[in-house]
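Please open the model in your viewer and keep the selection panel at hand. The tour below goes from a pocket to a sheet.

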Amino acid sequence: MANLDFKTLVSHCKEYGFVYQSSEIYDGLSAAYDYGPYGVELKNNIKRYWWEAMTRLNSNIVGLDASIFMDPQVWKASGHVDAFNDPLIDNKQSKKRYRADQLIEGYAEKVLAKADKEVKKAAKRFGESFDEAQYRATNGRVMGYQEKADSALKRMGEALTSGDMQALYDLIVELEIACPDSGSREWTEVRQFNLMFSTQLGAVAGDAGKIYLRPETAQGIFVNFSNVQKSTRQKLPFGIAQIGKAFRNEIVARQFIFRMREFEQMEMQFFVKPGTEIDWYEKWKEARMKWHLTLGHPAEKLKFHDHDALAHYANAAADIEFEFPFGFRELEGIHSRTDFDLTAHQELSGKKLQYFDPETNESYVPYVVETSIGCDRMFLAVMANALQEETVPDADGKDSSRTVLKIPAPLAPVKVAVLPLLKNREELTNKAKEVFDKLKLHFPCQYDEKDAIGRRYRRQDAIGTPYCVTVDFESLEDDAVTVRDRDTLEQIRMPITEVAMHVKGKVSLESLLEKLL
Ligand code: ATP
């Protein structure tokens with residue numbers, strides 16, 4: 001069994017109706033994607049898993065659906081107008097544009113890969129007695145690579161924090177970083193580039209009518225803090241959860257749906273008493289990791305990355321990174337945002353955004369711990385982990401290979417496929433349609449009668465359907481069917497009346513939520 005490479009994953013997404021390039025017939029719009037018939041189901045299920053885990057399992061978390069357009073002052077207060085920038089650099093020869101920080105990170109990754117290679121060689125040489133930690137701490141060459149990478153990342157962090165673009169440029173030149181496309185080391189200066197898209201509101205021309213497409217959903221939550229608190233009478237600590245679109249004019253948008261210009265976020269802002277935020281930050285880190293692991297993603301594909309360089313609003317921050325086909329990358333951020341946002345909105349709007357604490361009889365601006373995950377990145381993580389190729393016995397018992405999407409069953413787009421053994425026997429197709437009509441009340445189902453049964457199984461494997469129900473001649477006599485399990489390939493005969501219960505045990509969202517309690 002093996003996960004398939006990135007290119008295969010992207011073409012599988014297209015071929016089987018999960019993700020298409022936006023405006024493909026016009027050669028495609030870069031970094032925008034459309035979700036196809038199975039993609040939209042999977043994405044909705046991911047959203048439901050997140051939403052229910054937040055709002056159903058926690059009585060102190062409530063939902064919100066704020067509008068995308070907001071008063072432009074929101075983005076002034078939040079710091080996005082002045083500081084939501086990426087450092088941009090162009091290569092003079094190839095004319096390609098890059099994010100300066102990503103070039104430096106790429107350099108560090110390459111250097112660390114050299115260290116890993118040394119370690120692997122040594123592990124082979126020393127065999128069983130090899131102690132990796134000791135080797136990394138004592139081998140001169142490995143230590144040298146590690147120091148080189150650490151020092152580059154540290155200097156980059158300092159330059160980004162202080163907004164020193166010249167220092168970033170100097171670092172790229174000093175590290176002799178070349179353009180990945182042309183190999184040239186001729187760079188322009190580094191410039192700040194604001195990532196917000198702007199548009200015009202109504203008929204108001206010029207700057208007066210300029211509004212932004214929100215670059216994060218969080219601000220819709222902050223400006224509604226008092227509304228929600230008053231109308232739900234929540235006491236601190238409590239959270240507000242929201243799922244919605246966000247827009248960023250990313251400089252370099254590659255890697256399929258990993259980095260898009262229009263994407264969807266699932267964000268929860270948790271309001272706490274000042275001084276308790278680090279405890280809550282740790283709790284939410286743990287809770288969010290559990291949410292990922294509960295899906296069955298292997299533990300070694302997930303890790304925390306604690307931030308050294310903190311954003312202007314945070315006093316602690318970590319990413320949950322997932323091992324995508326192109327390496328470990330951020331999947332979710334957990335940030336302790338202090339009272340930065342609420343205070344800034346309070347100051348600029350002149351409206352109080354405070355909480356009256358009945359226990360201490362005082363009013364204060366709450367602190368905030370945020371969990372923020374990209375729905376599309378989560379989709380990519382689920383697909384990357386699910387798509388596998390494996391050798392299985394075919395109908396004659398011979399080895400054959402199959403491509404299968406082992407999507408966690410509660411997230412699968414189609415839960416059951418109902419298949420009459422033969423297409424041109426009306427008694428079979430009628431019976432199968434009867435079964436289908438019963439099951440479709442409980443789950444998203446599919447009826448398929450085209451091609452040989454083996455091919456139909458393969459088609460369902462490719463879209464990740466956990467169960468195939470086959471109706472054969474015996475079914476006409478005994479009202480029983482064969483239920484095939486996608487993962488184990490086990491085939492169980494059972495009465496039609498029991499199928500729904502059997503399937504439900506594995507595909508219900510509740511079976512996942514239960515594990516989170
Ligand atoms: P990155 O460093 O990858 O640009 P970020 O740190 O800017 O991400 P946040 O602002 O913390 O990201 O946003 C929260 C989450 O939103 C991210 O963890 C990611 O899952 C998602 N996200 C951010 N930008 C994009 C994008 N351009 N396309 C898809 N998802 C995104």
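Which helix gives the most to the lining of the second largest pocket? Select α11 (277–294), which with eight residues gives the most to that lining; helices here are DSSP runs of H or I of at least four residues, strands are runs of E of at least two, and both are numbered from the N terminus. This is a predicted model, in which local features need pLDDT of at least 70, side-chain atom pairs count only at pLDDT 80 or more, and totals for chains, interfaces and linings use all residues. Residues are numbered from 1 along each chain as its sequence is written, and side-chain values use heavy atoms, with hydrogens and water left out.

Next, add α2 (37–56), which like α11 supplies at least two residues of the lining. Of the 17 lining residues, those closest to the pocket centre are Ala53, Asn58, Trp284, Ala287 and Leu516. A pocket is an open set of points on a 1 Å grid over the protein atoms alone, where a 1.4 Å probe fits, with protein on both sides within 12 Å along at least five of seven lines, and lining residues have an atom within 4 Å of a point.

Now select residues 387–393, strand β18, and residues 399–405, strand β19, which pair in the antiparallel sense over seven bridges, pairing being called when DSSP finds at least two bridges between two strands. Leu387 has Leu405 as its bridge partner, and Thr391 has Ser401. Finally, add β1 (residues 2–3), which two bridges join to β18 in an antiparallel arrangement; there, Asn3 is partnered by Gln388. The three strands form an open sheet in the order β1-β18-β19, and β1 and β19 stand at the edges, each with a single partner strand, so one side of each is left without a neighbour in the sheet.
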